[in-house]
Every structure is written in structure tokens, then in C-alpha cells.
Amino acid sequence: MAARKGRSRTCETGEPMEAETCDPGTEGPSQVYLPGRGPPLSEGEELVMDEEAYVLYHRAQTGAPCLSFDIVRDHLGDNRTELPLSLYLCAGTQAESAQSNRLMMLRMHNLHGTRPSPSEGSDDEEDEEDEDEEEQKPQLELAMVPHYGGINRVRVSWLGEEPVAGVWSEKGQVEVFALRRLLQVVDDPQALAIFLRDEQARIKPIFSFAGHMGEGFALDWSPRVPGRLLTGDCQKNIHLWTPTEGGSWNVDQRPFVGHTRSVEDLQWSPTEDTVFASCSADASIRIWDIRAAPGKACMLTTATAHDGDVNVISWSRREPFLLSGGDDGALKVWDLRQFKSGSPVATFKQHMAPVTSVEWHPQDSGVFAASGADNQITQWDLAVERDPESGETETDPGLAALPQQLLFVHQGETDLKELHWHPQCPGVLISTALSGFTVFRTISV
């Protein structure tokens, strides 16, 4: 790995996030494994995790896999870097039968950093290490609510002091659930036992909308107007939800029209109350303003943003940039001041399959992460430039083929679906996949 403007750049990851390949049948040094950039593993070779590339790394499973989740902002403080960490997630399952699905609140705590390499020592030191290992075991509390139908997407927001989750169901409904009780019980083992025994089956959504003509995935709460919500479906329609007094919503039956195929993702502007972006399987990205009538609200369009479906977008909280990922495996950065040109200001191609999730770092304006169906999570920094005098490409020619801005490649997951940066724990990434949840922080961010 090589330093880049104060960052470590790690492109050598594998299983679970690998950094090295090794052949157990031969003696010799480990080799860097570059996904898609070098020869495939030979028989007898295996990927070995480089723990020194991670500050934090934990995995968790919840039974049925979760297609989507969101991080619940908590009252434990911002800019938390001290370990062990605690965090809260709200997630929805994709179980084999509709009746087996759950909306879940997860409390992960006692998340310690990666352990230093073991050193030889006395028996007493080994006993102390065993005691430390027992004390440092990560903990998971789980409060579940029955949900009929698989959950396509979950997004959490706070309405004043009330946490709520917007839930897109495969059954074609969008529901809003109150989360206060679930948050309470995951902090109290006795209350959790009572909840699971007596209360969970009685939890129902506080609002439900069945006006979409089928299922969907796109959903976003406004970061500027509490309770304002957008939902988009696979039938190309987008609906605006406006909160009303008494904890309900008025959903405009007139959809925003413009896309010709499924609406895949939605993002409110972080700086303007009435502006949002959408992306679609029709390959376009559109910018809208809700002050106009729904049929005339599309203000800007890039008709061919990607070569195929545009799956995901993320609107930077700190710069006028929109990030997109598509079925073509490309990651593109759009400067909204130049959006009319139809050309991105940057395009990166590291993923070898459709991009499934993208998100800007909440504090560092040039940093973002992406996940793909190639089971890679990549971390990027727009500010990174290769030092021509470092000579690193001569010592490792494989690095020359990598984008300069690529900081880190994490592997070892199966069927990656979604990732999020924790807004209160700098550098901490959480992902969900068929293989479960992963919480990690790399040495690069």
C-alpha cells in the first residue's frame, strides 16, 4: 500500500476483505490480490484477510438475509472514534415465505477493534488474553416485528423526538412504522424478553399507502423538512408524501411523470427544500422541483447517464455533486452546476458487475463508497493523485491499472446489496449481503 495525501491506499483485499493470496502448499511471501486485475486463484491458493488493513471488523447474521437497512441516529454523541463502539440499525428481511419476514431493530455493541498480532509469552499472559477475548466479544440485541411480505427498502427518519421507518414492501405497499418502542427494548434485556413474548405481534404500521401500481424500491425522507417523503415504484411513478397534523400523511395521487421505466432510487437535495433527484432503469437521471405541477416538475434530465439501468444515486451533503452507479459497473460523479451538459466530471470503472449501492462520506467531501454484485466494496477519494516520483507502479505494475482515486477494496461478502457510512462514527461502514451484516473501518478512511 502507498500513502496518498495523508491517506493509506489499500487495493489488496480479499477474504473476508482480502489483502493477500497465499499458497499453503509452497513456501514464500504472500502476494497482493487485485480483483479483476490479475490472474485468478490457482488450485490450492486461498485469500487471507490482512487484519492490519482494518481498524474495526465485525460480522453478524440475523437469520433471513436483509436486502436493505438504515442506520438509526442515536443519542450517544457525534464523531465517536473511541472503541468499543455501539450502534443501532433498522432492517427488513427477504425470507423464503411472505409470512416469515420481519422488520428488525438491531443493537450492536461492544464492538472492539481488530486485535494485534499474537506474540509468544507466558501462560499467565495467555490466560489474560483469553479473559480479554471473552470480555471483548461483540454483542447483538434484536427486536423483531412480523411483516407480511419481503422488505425491499428501509429508510429511517426522526420526526422531532419520534423515530420512524419508511418500508417498501414487495406486496406493493409503503408503510411507516414507529420505532420508539423497538429502540427502548433493545437497550433493556428484561423489556426485550417481554416485548418478544407479548408485544411484537401487535405492532402495526402507523400509516400505509397502497396507491402505487406495484412494488418498488425507491424511497427517501427529506433531510430538511421533517416527515416529507418520496416513494418511487417499478411502474415509473413517483409520489410525494406530505406530513399532516396528528402523525399522518397526505400522499399526492398525481405522480411525478417523466421516467419510462422503473424508478430505482430517489435523493432529496441536502440544500433545497423542494428539489430532488431520481434515477431509473431507463438509463436516465432527472432533477425535479415539487413547486411545479407533477407533470411539469422535471427540470433537468441526462437521458443516457449510464449504459443501462441506473441503480443508485447519492447527493453529497457538502458539494454540489451527485454520485451514480449502474448496471454497467460504472461509478459517475455529476457536478450539478454542469448537469445540463450531460457529461459526468468523473467516471470510475473498478466493479465488474452492477453497482448495488453508493454513498458519500458524511464528513469528508471527496470520499465515497460503493458496493457491487461482484462482491466488492470500494472506497474512493476524489482528492487522491498518484505521486509520479514514488516509483510504486514500477515495484507493483498491477497498481498502474487501478484508478488513482481508489483507496481500498473490501471482499469476502456474498451478494452485496447495500452499504451506509455511520453518520456519527467517522469512517465506519456497514453493509448487508446474503452473507449477513458487516461493520468495518479501514486504515484508508
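Here are some exercises on this structure, each with a worked solution.

Before you start, note that this is a predicted model, where local features need pLDDT of at least 70, side-chain atom pairs count only at pLDDT 80 or more, and totals for chains, interfaces and linings use all residues. Residues are numbered from 1 along each chain as its sequence is written, and side-chain values use heavy atoms, with hydrogens and water left out.

**Exercise 1. Get the overall picture**

Work out how many helices and strands the protein has, and what share of its residues is buried.

*Solution.* Start with the secondary structure: there are four helices and 33 strands. These are DSSP runs, numbered from the N terminus (helices are H or I, at least four residues; strands are E, at least two). Next comes burial: 53% of the 445 residues count as buried. Here buried means under 20% relative accessible area, exposed means over 50%, and partly exposed is in between, with a 1.4 Å probe and protein chains only. Then look at contacts (heavy atoms within 4.5 Å): of those with a separation of 6 or more, 59% are between residues 24 or more positions apart. Finish with the surface, about 19,600 Å² of accessible area, 46% of it from carbon and sulfur atoms. Those areas come from the Shrake-Rupley method with a 1.4 Å probe; for residues, only the protein chains shown count as cover.

**Exercise 2. Check the annotated repeats**

Find where UniProt places the feature "repeat: WD", and describe the chain there.

*Solution.* First, the record: the unreviewed UniProt entry lists this feature at residues 256-291, 303-337 and 348-390. Positions are in the numbering used here, feature names are shortened, and annotations may be inferred rather than shown by experiment. Now take residues 256-291: they're 0% helix and 47% strand, with end C-alpha atoms 12 Å apart. Residues 303-337 are 0% helix and 51% strand, and their end C-alpha atoms lie 17 Å apart.

**Exercise 3. Place strand β33**

Which strands pair with β33, and why is β33 largely enclosed?

*Solution.* Begin with β6 (residues 54-60), which pairs with β33 in the antiparallel sense over six bridges. Strands count as paired if DSSP finds at least two bridges between them. Within this pairing, Tyr54 has Thr442 of β33 as its bridge partner. Move on to β32 (residues 429-433), also antiparallel to β33, with five bridges. Ala433 sits opposite Gly436 of β33, and a hairpin of two residues links β32 to β33. Last, burial: β33 (residues 436-442) is largely enclosed by the rest of the structure because six of its seven residues are buried.

**Exercise 4. Track down the backbone oddities**

Locate the cis peptide bond at Pro84 and the positive phi values of Lys236 and Asn375.

*Solution.* The bond from Leu83 to Pro84 is cis, with omega near 5°, and Pro84 is in the loop between β7 (66-71) and β8 (85-93). Next, Lys236 isn't a glycine, yet its phi is positive, about 80°. Lys236 belongs to the loop between β16 (229-233) and β17 (238-244), and at 38% relative accessibility counts as partly exposed. Finally, Asn375, another non-glycine residue, has phi near 65°. Look for Asn375 in the loop between β28 (367-372) and β29 (377-381); Asn375 is partly exposed, at 24% relative accessibility.

**Exercise 5. Hunt for disulfides**

How many disulfides does the whole structure hold?

*Solution.* Searching for pairs of cysteine sulfur atoms within 2.5 Å turns up zero disulfides. Cys66, for one, is in no disulfide: the nearest cysteine sulfur belongs to Cys90, 9.5 Å away. As for burial, Cys66 counts as buried at 3% relative accessibility, and Cys425 is buried with a relative accessible area of 0%.
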